[in-house]
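Here's a quick tour of a protein model, taken one stop at a time. Have the sequence and the 3D view open as you read.

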Amino acid sequence: MHESRRSILEVCELSCRFRSRGLPFLSGSRDIGAVDGVSLTVGRGEIVGLVGESGCGKSTLAKAIVGLGPIEARAMRFDGTDILRPLDRRPRDLIRRIQYVFQDPLGALDPRRTVLYQVAEPLLIHRRTPDAERFARARTALRDVNLGEEIEAKYPHELSGGQRQRVVIARALVLEPDLLVCDEPVSALDVSIQAQVINLLRDLRDRLDLSILFISHDLAVVRHLCDRIAVMYLGRLCEVGPAEQVFGDPRHPYTKALTSAIPPSHPRLAKPPVRLPGEPPDPGDPPSGCRFHPRCGDREALCSRVVPTLEALGDGGRFAACHVAKRSTPAQC
Amino acid sequence: MADTASISTPAAFARRFWRSSSPSVRLSLLWILAMVAVAAFADLIAPFDYTAMDLRNRLAPPVWMERGSWVHPLGTDDIGRDVLSRVIYSIRLSLFVALLGTVIGAAIGTSIGFLAARFRGWVDDLVTTAIDFQSALPFFILALATLAFLGNNFVIFVAVMGVYGWERYARIVRGMAFAAQAQGYAVALRTLGASPARIYAAHILPNIASAIIVNMTLNFPETVLLETSLSFLGLGIQPPMTSLGNMVGFGRDYLLTAWWIAVSPAVVIFLTTLAFSLLGDWLRDRLDPTVKGR
């Protein structure tokens, strides 16, 4: 939190709980904590990657930040202002400054409107520009994401996957946001198009000083793109740190298992992958103590009893929530 | 869904229509267009005014019968009014009332369906209950009671026509709006800051319009029949105005001696409702994304 002066987004102990109803009369309702006490910051002009397996709460966290879905938190601030409220109770300008890019670009676009109309529409909604300039601005945004004139009059179903995702990004960019929350923006695209979109995001960050929260389960993509990484497991963060350090020298056992799954650059460098026993537990009934302990190779007696907090590991901006990692770290000088 | 958006020119539309339709659908469209033309140009086509009496030619038979003449091709009624002219003016009035009723019904039903989808909770419960209530109640009885209590004038009559069938629009629109809200584009528009009014009017409505239009074409003939039934019973359009139903009603007294007074409008009612039903059926098959193998 030492960077709070420069950070654009600060999330402090955010939780998202859903009520699961179950069968009438047979089973009672119970709360499912999809996200549990997550604290995270995104700096200005920084790209933060949020990784974790399916169902660990990445998307729920992203939706909570843009104001969709249930939120409880100690604090959530955007550029100093409190944003701990649902979307329809946020000031319009705040809505404008935080934009969300969807996983499924075809679903996120209205099938019956042309590309140009949909990219210009946010300007109409926010009355940011005079009517005459609106389409010119939309065209500029489309140029910014490397889309040509020929797609302006097309409908979403006539575009390729990469074009659609770039249209969605252009639609978010016309509003000149400060923070882009990208929820698995490339997982539906094939590899060559993934590269286009990722290079585009990096380029936009460099040119527009945009901050990006990039959610993905694809470690190679995250490693290539992000400055910092946050690793999530079953609704909690287990490790946070600069991308190269987290991948090069993972501290949390879960991160170790994850990074061992990345294919090495040369076969001779290959290390045996760490295999995790068992399945991810049910988020409605999480294990006691450290949520990872039933699958952890390094677990101790303490792990099943005490919940580890995310603590600094001494060297430059690294955090982990693990009793074992904490102890093996040399004392801070 | 997707390919209907790419239809742009009228010529392309006509080609697609020709390729996908059966002869009965083509004939239906032709008949409907003819009826619309008749309604639009009634003043020019009709040989006489619908109230003009020709007392020397009372109960004259149609032209192909003995004593028939080209002056009154479909004969005359009991006070010598030209049946052809009256049918022409009746088509205008009946179609106008049915169209107005259908449009009003669609507007009411769509708005109520949207309200239920927007506010959910008790509003939705109320709307759902009202829909069930309305569909359990025979509308004809309701219409008779309303007209009997409130008296009859043109405005009340059209209002009753408008209320007819609202529950079907409301049910369809409510369901489709619920589904559309969960779709990415509606959520995306919310995160862009769009107001609910914009999301519903500019995005969800165009996306579910095809279902509403299909329901309108299916509702239209029923409204025509309701109008003619009420007019037949004397609770609908009042003389001197004339509608297809009230022509049949007044022609009933002469059914044995001068059948043409009742049969001419009855044939028009039959053919028009049949044409609309066939066209509506075809449209529903065309626009329903689950029936793709055409």
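Two residues are in contact if their C-beta atoms, placed from the backbone, lie within 7 Å. Keep in mind that this is a predicted model, where local features need pLDDT of at least 70 and side-chain atom pairs count only at pLDDT 80 or more, while totals for chains, interfaces and linings use all residues. Residues are numbered from 1 along each chain as its sequence is written, and chains are lettered from A and ligands numbered from 1 in the order in which they are written.

Start where the chains meet: 20 residues of chain A are in contact with 17 residues of chain B. On chain B's side, the elements giving two or more residues are α1 (2-6), α10 (184-191) and α11 (196-232); helices (H or I, at least four residues) and strands (E, at least two) are DSSP runs, numbered from the N terminus. The top giver is α10(B), with 6 residues.

Now for some backbone oddities. Most residues other than glycine have a negative phi, and most peptide bonds are trans. Two non-glycine residues of chain A have a positive phi instead:

| Residue | Phi | Loop in chain A |
|---|---|---|
| D209(A) | near 55° | between α7 (191-208) and β8 (211-216) |
| L234(A) | near 50° | between β9 (228-233) and β10 (236-242) |

Are they buried (20 or more other C-beta atoms within 10 Å) or exposed (12 or fewer), with partly exposed in between? D209(A) is exposed, because it has 11 other C-beta atoms within 10 Å. L234(A) is buried, with 23 C-beta neighbours inside 10 Å.

Last stop: the peptide bond from P239(B) to P240(B) is cis, with omega near 10°. You'll find P240(B) in the loop between α11 and α12 (244-251) of chain B.
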